[in-house]
Amino acid sequence: MTADTRAIAFERAVLPDGSVIHIRPIMPEDRGLLEQGFERLSDESRYRRFLHPVKRLGSRELDYFTRVNHTDHEALVALGPHGTEPVGVARYVRLDDPDCAEVAIAVVDAWQGKGVGTVLLHDLVERAKAAGVRRFSAVCLADNADVIDLLGRLGSTRVDHPEPGLAELTIDLPDELTSDSELYAALRHAASERMETT
């Protein structure tokens, strides 16, 4: 499915604090939206996402991040209550092993800790599985406990340390997304209203 030729599916989710977000696949026209979201990341959040200091996204990066084929490279954007404010992005990129894809998530600072990353990740997993992906791979800072915990809750996880300060996770995607987490159950119940727009 390509974003410019088919209807774009929006998913509405109510987070545990009552905040509403809307999730949809990213489109080439979202370059400005992505720049807005990047500007709302603190220096620390940028470092945790890219593993090195990044002051701005260049034209090549914006092209790469927004021109995805939704099969080997998928990206979802979360928007605020009015559907215009970017609050988070999750993506996977299939690796040389077609069963495995690298995953990354970024949530703007003002929305961290609200469950945005959980909703994005679980929607991304569903799309990855539909595309034949069976495992996620991720490299993050070894002290990034939030991301390690978030990804580790998906399924069986192996953690390696390729170099000091970094953790490399390999996660087997589950047959079904289940969790004993009350947060997860609440998010999945709330994220059931879908809309279609062209």
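Two residues are in contact when they have heavy atoms within 4.5 Å of each other. Keep that in mind as we walk through this structure, which is a predicted model.

Let us start with the overall picture. The secondary structure of the protein comes to six helices and nine strands. The protein has 198 residues, and 46% of them count as buried. Among contacts between residues at least 6 apart in sequence, 62% join residues at least 24 apart.

A good place to look next is helix α3, which covers residues 59-66. Its buried residues are L62, F65 and T66. Looking down the axis of α3, you would find these buried residues within an arc of 85 degrees, so they line one face of the helix. There is a general rule behind such patterns: an α-helix has 3.6 residues a turn, so residues three or four places apart point the same way. What lies over the buried residues of α3? The cover includes the helices α1 (31-39) and α2 (43-50), together with the strands β3 and β4.

The loops on either side of α3 each hold a residue worth a visit. In the loop between α2 and α3 you will find L51. This residue is not a glycine, yet its phi is positive, at about 65 degrees. L51 has a relative accessible area of 26%, so it counts as partly exposed. On the other side, H70 sits in the loop between α3 and β3. Its phi is also positive, near 65 degrees, and H70 too is a residue other than glycine. Is H70 buried or exposed? With a relative accessible area of 10%, H70 is buried, because buried means under 20%.

Now let us turn to the largest nonpolar core, which has 47 residues. The members that touch the most other members are I21, W111, V116, L121, F136, L151 and L154. Helix α4 (residues 116-130) provides the largest share of this core, with seven residues.

One of those well-connected members, I21, makes a handy guide to its surroundings. Setting aside neighbours within four places in sequence, I21 is in contact with E11, R12, A13, L15, A78, L79, G80, V87, W111 and V116. Two of the other core members named above, W111 and V116, are thus among the contacts of I21.

From I21 we can step across to G80, in the loop between β3 (73-79) and β4 (86-94). G80 has a relative accessibility of 1%, so it counts as buried. Beyond its neighbours within four places in sequence, G80 is in contact with V20, I21, H22, E85, V87 and W111. How far apart in space are G80 and W111? They are 31 residues apart in sequence, and their C-alpha atoms are 9.3 Å apart.

Another stop is S137, found in strand β6 (residues 135-141). At 10% relative accessibility, S137 counts as buried, because the cut-off for that label is under 20%. Leaving out residues up to four places away in sequence, S137 touches L95, C100, A101, E102, V103, E168 and L169.

So far we have followed the atoms; the spaces between them are worth a look too. The structure holds two cavities of 30 Å³ or more. The largest cavity contains about 240 Å³ of space. It is lined by 20 residues, and those closest to its centre are L34, F38, L41, V89 and A106. Elements that give two or more residues to this lining are α1, α2, β4 and β5. Strand β4 gives the most, with five residues. By class, the lining of the largest cavity has 16 nonpolar, two polar and two charged residues.

Our last stop is the largest pocket, with about 1100 Å³ of space. Its lining has 45 residues, and I105, A106, V107, N144 and V147 lie nearest the centre. You may recognise A106, which is also among the residues closest to the centre of the largest cavity. Several elements each supply at least two residues to the pocket lining: α2, α3, β4, β5 (100-107), α4, β6 and α5 (145-152). Which classes of residue make up this lining? It divides into 23 nonpolar, nine polar and 13 charged residues.

Technical notes: Residues numbered from 1 in each chain as written. Predicted model: local features only at pLDDT ≥ 70, side-chain atom pairs only at ≥ 80, totals over all residues. Heavy atoms only, no water. Helix = DSSP H or I, 4+ residues; strand = E, 2+ residues; numbered from the N terminus. Buried < 20%, exposed > 50% of the residue type's maximum accessible area, 1.4 Å probe, protein only. Core = buried A, V, L, I, M, F, W, Y, C linked by side-chain atoms within 4.5 Å. Arc of directions from axis to C-beta. 1 Å grid on protein atoms, 1.4 Å probe; cavity = no way out; pocket = protein on both sides within 12 Å on 5 of 7 lines; lining within 4 Å. Points joined across faces, edges and corners; volume = space filled by probe spheres on them. Nonpolar A, V, L, I, M, F, W, Y, C, P; charged D, E, K, R; others polar.
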